[in-house]
Amino acid sequence: MAKRAYTCGLDAAIAVMGGKRKGLVLFSLGDGPLRFGELRRAVPRISERMLILQLREMEASGLVHREVYHQVPPKVEYSLTAFGRSLNTALAPLGEWGEEHMERIEAIP
């Protein structure tokens, strides 16, 4: 696999964030670990398959940690890594900007 080259920091950040719902998953995990079903309810309009794919990509990128508890019934929790928390912190101002301009953005045809 070839090493990726980025033109700037924003390019690199967007490469890690690629995916329509990853930001919402990061935001949802910001308050602490969640199980899969809790994440599915927290992220609107995402299929189970897509959430699984997004979580796998985020785990491979080092943003999310998957903890498997060997018990009956099986339990899996997802949490942010330090890398994921740092990205969440960096995205906070963007979220605030979106909140501030949501009406204008929704009005765009």
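This report covers the overall build, the sheet, one strand residue and the largest pocket of a predicted model.

## Overall build

The protein chain holds six helices and three strands. Read from the N terminus, the order of elements is α-α-β-α-α-β-β-α-α. The C-alpha trace spans about 50 × 40 × 25 Å along its principal axes.

The chain has 109 residues, and 25% of them are buried. About 8000 Å² of the protein chain is exposed. Carbon and sulfur atoms supply 58% of that area. Contacts across the sequence were also counted. Among those between residues at least 6 apart, 41% join residues at least 24 apart.

## The sheet

The three strands make an open sheet. Their order is β1-β3-β2, with antiparallel pairing. β1 (34-35) and β2 (64-69) are the edge strands. Each has a single partner strand, so one side of each lacks a neighbour in the sheet.

β1 pairs with strand β3 (residues 75-80) over two bridges, in the antiparallel sense. Across this pairing, Arg35 stands opposite Glu77 in β3.

## Ser79 in strand β3

Ser79 is part of strand β3. Is Ser79 buried or exposed? Its relative accessibility is 19%. The cut-off for buried is under 20%, so Ser79 counts as buried.

Which residues does Ser79 touch, leaving aside neighbours within four places in sequence? Ser79 is in contact with Leu29, Pro33, Leu63, Val64 and His65. Val64 and His65 fall within the span of β2 (64-69), and Leu29 falls within that of α2 (22-29).

## The largest pocket

Rolling a probe the size of a water molecule over the atoms shows where empty space is left. The largest pocket encloses about 590 Å³ of space. Its lining consists of 16 residues. Closest to the pocket centre are Gly23, Leu24, Leu91, Leu94 and Gly95.

Four helices each give at least two residues to this lining: α1 (9-17), α2 (22-29), α5 (82-100) and α6 (102-106). Which of the elements gives the most? That is α5, with seven residues. By class, the lining of the largest pocket has 10 nonpolar residues, four polar residues and two charged residues.

Methods. Residues numbered from 1 in each chain as written. Predicted model: local features only at pLDDT ≥ 70, side-chain atom pairs only at ≥ 80, totals over all residues. Heavy atoms only, no water. 1 Å grid on protein atoms, 1.4 Å probe; cavity = no way out; pocket = protein on both sides within 12 Å on 5 of 7 lines; lining within 4 Å. Points joined across faces, edges and corners; volume = space filled by probe spheres on them. Nonpolar A, V, L, I, M, F, W, Y, C, P; charged D, E, K, R; others polar. Pairing = 2+ DSSP bridges. Buried < 20%, exposed > 50% of the residue type's maximum accessible area, 1.4 Å probe, protein only. Contact = heavy atoms within 4.5 Å. Areas by Shrake-Rupley, 256 points an atom, 1.4 Å probe, with all protein chains shown as cover.
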